[in-house]
Amino acid sequence: MEKVSITNLQPEHYQELLRAMKASYPGWAGSYWERGTIEHLLHIFPEGQYVVLVDGKVVGCALSIIVDYDKYGDEHTYDQITGNATFNTHDPDGDVLYGIEIFIDPAYRGLRLGRRLYDARKDLCEHLNLKAIVFGGRIPNYHNYAEVMSPREYISKVRMKEIHDPVLNFQLSNDFHVKKILRNYMPGDEQSQDHATLLQWDNIYYQRENRHMPPRKTYARLGLVQWQMRPYHDLDELFLQAEYFVDMISAYKCDIAVFPEFFNAPLMAEHNHLREAEAIRLLARHSDAIRERFCELAVRYNVNIVTGSLPEMEGDRLYNAGYFCHRSGQSERYVKIHVTPAETKYWAISGGDNLNIFDTDVGKVGVLICYDSEFPELGRLLAEQGMQILIVPYLTDTQNDYMRVRLCSQARAIENECYVAITGSVGNLPQVENMDLQYSQSAVLTPCDFAFPSNGVKAEATPNTEMVLIADVDMELLSELHHHGSVRNLKDRREDFYEVRLKPSTERNTARNHG
């Protein structure tokens, strides 16, 4: 599985950068960036040069400078804005981030790596409090239509998706708008017929004064899948539905996608002639493949994924476990600690011993599977590690079961000053024993104070309906609550009187052996 990261370009990346450039522009011999030019860019504006690494290898880049845009205006050429590639036009006190290059090795396209580079540029633009990102974009398919339509008509049809242009379509999908059509922007670009689009992305946080005191992005967008239990013939068919939801959540620019507990239970139908404990152990054979597929989707769709939970064998023990699949390609495991009487009776599941916090690109996240949310000690232990978002994938068959999870999760949000996102499955599986009915109303829950909804509910789904619930949560509000809230549950604990702590593994083993 590829490990993906965006980092600043370094001089030692040059040979790999050149290889990726040649793969991206096979017909541009003699026009590739020279080492000296790249080193000069790194000298004058190192923070503006990015590369994307896959398994440590450079597979794409984005290069930029800062310009005082009023000196050039919209009527300029590439040579003018770059000083004939000397970059003497770079002005640290300018107001626009100007893109001078972006490419992805064709062998790595389809993983949305270009979007990550654009997102890095947007973050830099906000961080430096620049007014906008501007660049000239090629329209490489225009030569196929030049005899029958003007550039203006071509761009209009691309916007309406009547014509596909790989470059312009991608730029429009990343929130850039066409300001102007440029003539002779890059003379010799035969595919674009010497035309280019002047594209711009506006920084809505831009402040004309105090430009070096940038606003901070403090929010995360969550996408909760309220999953419909239905028959699936095999893993491929199940993942057609799973990928559909990931694609949708990614399109809404969510940071985290969440699936429910045991969402893959429909695959037990083929083993329904066996005892429940045998059937779920056969279901566990899919778990490694499911984790790998979710890791691939996290990278491809640029969204972190919480896999809900899956049955997982370790030796002769069966656990209820899941994975936080980072959009970088890495994954981290969590496990259900408290097993319900039904899980013990029908499936002989064992409780785990791991309680982890996940340090993600949007904050610190904890995961408690279903019944674990009903034990306040676990939430408190995670809160002591700085948890900002608690995710609770659940599987409940009746409204009574659901309300236990819901109300306990609401309590976890209040007492730990965090957001709690809960999601489960709906529908029924008549051909799977012990999975007959499902009840769910996914929700994002908050503390109860003036900065939050008075009922502590940020958003909630329609009960028992397959859907995706999307909500934004702002971590800055949690900081304000912690320091200035009407009550301060974490600060006001009497740690002189009581404590909550994890036992060392030796103590846990002794207690288990004498249990």
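In the predicted model described here, P376, G379, R380 and A383 of helix α11 meet R412, E415 and N416 of helix α12. By class, the residues of this contact between α11 and α12 divide into 2 nonpolar, 2 polar and 3 charged. Helix α11 comprises residues 376–383 and helix α12 residues 399–416, and the axes of the two come within 10 Å and cross at roughly 35°. The crossing in which α11 passes α12 is right-handed.

Helix α12 also takes part in a contact with strands, since it lies across β17, β18 (419–423), β21 (443–445) and β22, and its direction is at about 165° to that of β18. These strands belong to an open sheet of 6 strands, arranged in the order β15-β16-β17-β18-β21-β22, in which the pairing is mixed. The edges of this sheet are occupied by β15 (357–360) and β22 (457–460), each of which has a single partner strand, so that one side of each is left without a neighbour in the sheet. From one strand to the next, the twist of this sheet averages 20°. Within the sheet, strand β16 (residues 363–367) and strand β17 (residues 389–393) pair in the parallel sense over 3 bridges, and the bridge partner of V365 in β17 is I389. In general terms, the strands of a sheet pair through backbone hydrogen bonds, either parallel or antiparallel.

Another open sheet is formed by 7 strands in the order β1-β2-β3-β4-β5-β7-β6, again with mixed pairing. Here it is β1 (4–8) and β6 (177–183) that stand at the edges, and because each has a single partner strand, one side of each is left without a neighbour in the sheet. The twist in this case averages 25° from one strand to the next. Strand β4 (residues 96–104) pairs with strand β5 (residues 132–137) in the parallel sense, over 3 bridges, and Y98 has V134 as its bridge partner in β5. Across β6 and β7 (195–202) lies helix α5 (residues 151–159), which runs at about 155° to β6.

A further helix pair is made up of α7 (residues 235–251) and α9 (residues 287–300), which pack at an angle of about 30° with their axes 11 Å apart. Angles under 35 degrees count as roughly parallel, and α7 and α9 are therefore roughly parallel to each other. As α7 passes α9, the crossing is right-handed. On the α7 side, the residues that meet α9 are L235, D236, F239, A242, E243 and V246, and their counterparts in α9 are A289, I290, R293, F294, L297 and R300. The contact of α7 with α9 has, by class, 8 nonpolar, no polar and 4 charged residues.

Helix α7 is also joined to another part of the chain through a salt bridge, one of the 27 that the structure holds. In this pair, the side chains of R112 and D247 meet at 4.0 Å, N to O. Because R112 lies in the loop between β4 and α4 (113–127), whereas D247 lies in helix α7, the pair ties together parts that are 135 residues apart in sequence. Side chains of opposite charge can pair in general when their charged atoms come close.

Conventions
Residues are numbered from 1 along each chain as its sequence is written. This is a predicted model: local features need pLDDT of at least 70, side-chain atom pairs count only at pLDDT 80 or more; totals for chains, interfaces and linings use all residues. Side-chain values use heavy atoms; hydrogens and water are left out. Axes are lines fitted to C-alpha atoms, for helices over the stretch in contact, and angles run from 0 to 180 degrees between N-to-C directions. Helices (H or I, at least four residues) and strands (E, at least two) are DSSP runs, numbered from the N terminus. Angles under 35 degrees count as roughly parallel, over 145 as roughly antiparallel, 65 to 115 as roughly perpendicular and the rest as oblique. A crossing is left-handed if the near helix is turned anticlockwise from the far one by less than a right angle, and right-handed if clockwise. Contact means heavy atoms within 4.5 Å. Ala, Val, Leu, Ile, Met, Phe, Trp, Tyr, Cys and Pro count as nonpolar, Asp, Glu, Lys and Arg as charged, and the others, Gly among them, as polar. Two strands pair if DSSP finds at least two bridges between them.
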